[in-house]
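User: I'm new to this one and would like to understand the terms people use for it. Could you take me through them?

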Amino acid sequence: MKLKHFTFLFLMLCLFFSCKENETPKATIKQDLLIDLTKLNNEIVLFQKLVNNNSSQKEILEQFKKSRLFYKKVEWAIEYFVPETARFMNGPALDEMELEENRSFEPHGFQVMEEMIYPEYEAENKENLIRELNIFKSNIKQLESTFEVITISDDYVLDAIQQNVFRVIALGITGFDSPILQSSIPEAGESLISIPESLEKINANNKSVAAIKNLTEKAQKYCKENNNFNAFNRAVFISEYLNPISKKLKTFQIEENIKNVKKSSPLKPTIETLFDKDAFDVNAFVLSKEYNFTKEKSVLGEKLFYDKSLSKNNDRSCATCHNPEKAFTDGLKTNVSLTGMNLPRNTPTLTYASLQNAQFWDMRQLDLEKQSVDVIQNKDEMHGSMENIHAKIQQDKEYLKLFKKAYPKISKPEAWQIQNAIASYVRSLNAFDSRFDEYMRGNKNALNNEEIEGMNLFMGKAKCATCHFTPLFNGTVPPSYSKTEHEVIGTPNEASGKTLSPDKGRYIYNQMPQLVGAFKTPTVRNSAVTAPYMHNGVFKTLEEVVSFYNKGGGIGLGYEVENQTLPFDKLNLTVKEEKALVAFMKTLTDKKYQ
């Protein structure tokens, strides 16, 4: 009996190890990415063959769509791990600027190719198109080399996937990636495929994976069944699919005990969705840790903000031009100097100003600290002296108490702390409590049908969200929020639209031809109470602003604006659609201004 038992046990062990030897090792996320890059390269090779063989535009166009659709499957990893290469694979067809070195790089990638083949494909574009495809293949090789050597741990995978969900919300469904073909909707659906596939590599048995897979499949189905770009209901897609996916990803992270990735990012690692009330961290935009926001600094900054002694003649404070009742604007076409003369530019809102990487219309200062000094010492605005202000504060007992609370480690106030305190007050002006915010957090009654239509237009047909990115609605580019964009839109000098504004914007400080007439993209939040609009206050109403964009900006009005970054084709919005668009923008008003 003992011999039989031993023989049986031996046979079972042999069978077990034999099965183990024959088992195919489970592919890792890195291996899958490398396989997908090979497949993407094969699609590009096919694309190149069609071009070389002088195939029809229809065949070339279909292969282009197929290639970019495949790119979308791996975009989550490319954008996250190798963003500098991603920019030249599917970035905007605009020059990449390096202002510090006063140079620019021509764009490459899918969006450049898209312009070459659609709406028409001309034979003279063949050589340039082949060149672009060769560059694209070189970039794939660069990606393969990078992915082969980097470590792709679970925490980075999860962070990259979550970032990709945010990217789909803020860029993918807006037409940012496909401005001409408008193939964004099927591409958005394709970009979700990798979510459950990657999570299964971490733990296929986790119950949240099954729920996420179900949600992503439904989201893909919704994209396939509603693939018309202009008619697509983004409000439904975000609230019923993308936000729930985002929440489930956070649940999965907690269940698997996966730590947050430590990085300097405006998006807090604890958020469930892009629309959480406290989703953004203003400290991500400060110079260093000692400049970080605190309530005590904000209280001190508020007192300084309303203190007229900061100006030379003790007759003007920051609040003089940034009236809190008007969402920190002044309601004037352009600001007024100390002598009563009109200044060249409109006073922008300070609400949400802390969530961008550049200040002033011409973006000449990178942070709020420098912005406050610039205004205080400007001879036309406050004509104050930081040295004199510092001396005054050191003689003021009330200020000394507030400084001690705000900066407990100091023995006496320092000059930089004056700037930091004012900036800290400005950093407190981000409410995120508009009716739009309520809707995105689950209150379906917060918006009416017209406003929802306006939201879909804003993020779709009207192309507003390709520059005013959801949910900040300014030019700080998601999902990394590391860069704030400018645009050249061809703003007229007067409402009649007879002449172009002579203001050269960013070009004044960075004399590159692409920057003539370039201005920072401001937030649309609180725009209902911050009229008039544009850098020169040329438009009195939101209706006038919408009409200007509907016509195609400066080029649409007949101006010569060679470097216009705004699409210059007419949007063909109906009167009803223009009205809905304005109605939506009014839902972005903070509760205190409603």
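Analyst: Happy to help; we'll go through helix packing, salt bridges and burial in turn. Please keep in mind that this is a predicted model.

User: Why are helices α12 and α17 called roughly perpendicular?

Analyst: The axes of α12 (residues 295-305) and α17 (residues 415-426) cross at roughly 95 degrees and come within 7 Å. Angles from 65 to 115 degrees count as roughly perpendicular, so α12 is described as roughly perpendicular to α17.

User: Which residues of α12 and α17 make the contact?

Analyst: From α12 they are K297, S298, L300, G301, E302, L304 and F305, and from α17 they are I418, N420, A421, I422, S424 and Y425. Sorted by class, this contact of α12 with α17 has seven nonpolar, four polar and two charged residues.

User: What makes α3 and α5 roughly antiparallel?

Analyst: Again, look at the angle. Helix α3 packs with helix α5 (residues 110-117) at about 165 degrees, and their axes are 11 Å apart. Anything over 145 degrees counts as roughly antiparallel, and therefore α3 and α5 earn that description. Their crossing is left-handed.

User: Which residues of α3 and α5 make that contact?

Analyst: On the α3 side you will find Q57, I60, L61, F64, S67, R68 and Y71; on the α5 side, F110, Q111, M113, E114 and I117. By class, the contact of α3 with α5 has seven nonpolar, three polar and two charged residues.

User: How do you know that D177 and K72 form a salt bridge?

Analyst: The closest N and O atoms of D177 and K72 are 2.5 Å apart. The cut-off for a salt bridge is 4 Å, so the pair D177 and K72 qualifies. In the chain, the two are 105 residues apart: D177 lies in the loop between α7 (154-170) and α8 (184-190), while K72 belongs to helix α3 (residues 57-81). Both D177 and K72 are buried.

User: What other salt bridge does D177 form?

Analyst: D177 also pairs with R167, with 3.0 Å between the closest N and O atoms. Here the partners are ten residues apart, D177 in the loop between α7 and α8 and R167 in helix α7.

User: Why are D177 and R167 called buried?

Analyst: Buried means under 20% relative accessible area. D177 has 1% and R167 has 6%, so both fall under that limit.

User: What makes D362 and R345 a salt bridge?

Analyst: Their closest N and O atoms are 2.6 Å apart, and since the limit is 4 Å, the pair D362 and R345 counts. D362 and R345 both sit in the loop between α13 (318-321) and α14 (368-377), 17 residues apart. D362 is buried, as is R345.

User: Which residues do salt bridges with shared partners join into one network?

Analyst: That network is made of K72, E75, E79, R167 and D177. Across the whole structure, a search finds 33 salt bridges.

User: Why is helix α19 called largely enclosed?

Analyst: Of the ten residues in α19 (residues 449-458), seven are buried, so the rest of the structure largely encloses this helix. Those buried residues are E451, I452, G454, M455, N456, L457 and F458.

User: Which helices do the buried residues of α19 pack against?

Analyst: They pack against α11 (234-255), α18 (435-440) and α22 (575-586).

How values were computed:
Residues numbered from 1 in each chain as written. Predicted model: local features only at pLDDT ≥ 70, side-chain atom pairs only at ≥ 80, totals over all residues. Heavy atoms only, no water. Axes fitted to C-alpha atoms, helices over the stretch in contact; angles between N-to-C directions. Helix = DSSP H or I, 4+ residues; strand = E, 2+ residues; numbered from the N terminus. Parallel < 35°, antiparallel > 145°, perpendicular 65-115°, else oblique. Contact = heavy atoms within 4.5 Å. Nonpolar A, V, L, I, M, F, W, Y, C, P; charged D, E, K, R; others polar. Salt bridge = Lys/Arg side-chain N within 4 Å of Asp/Glu carboxyl O. Buried < 20%, exposed > 50% of the residue type's maximum accessible area, 1.4 Å probe, protein only. Left-handed = near helix turned anticlockwise from the far one by under 90°.
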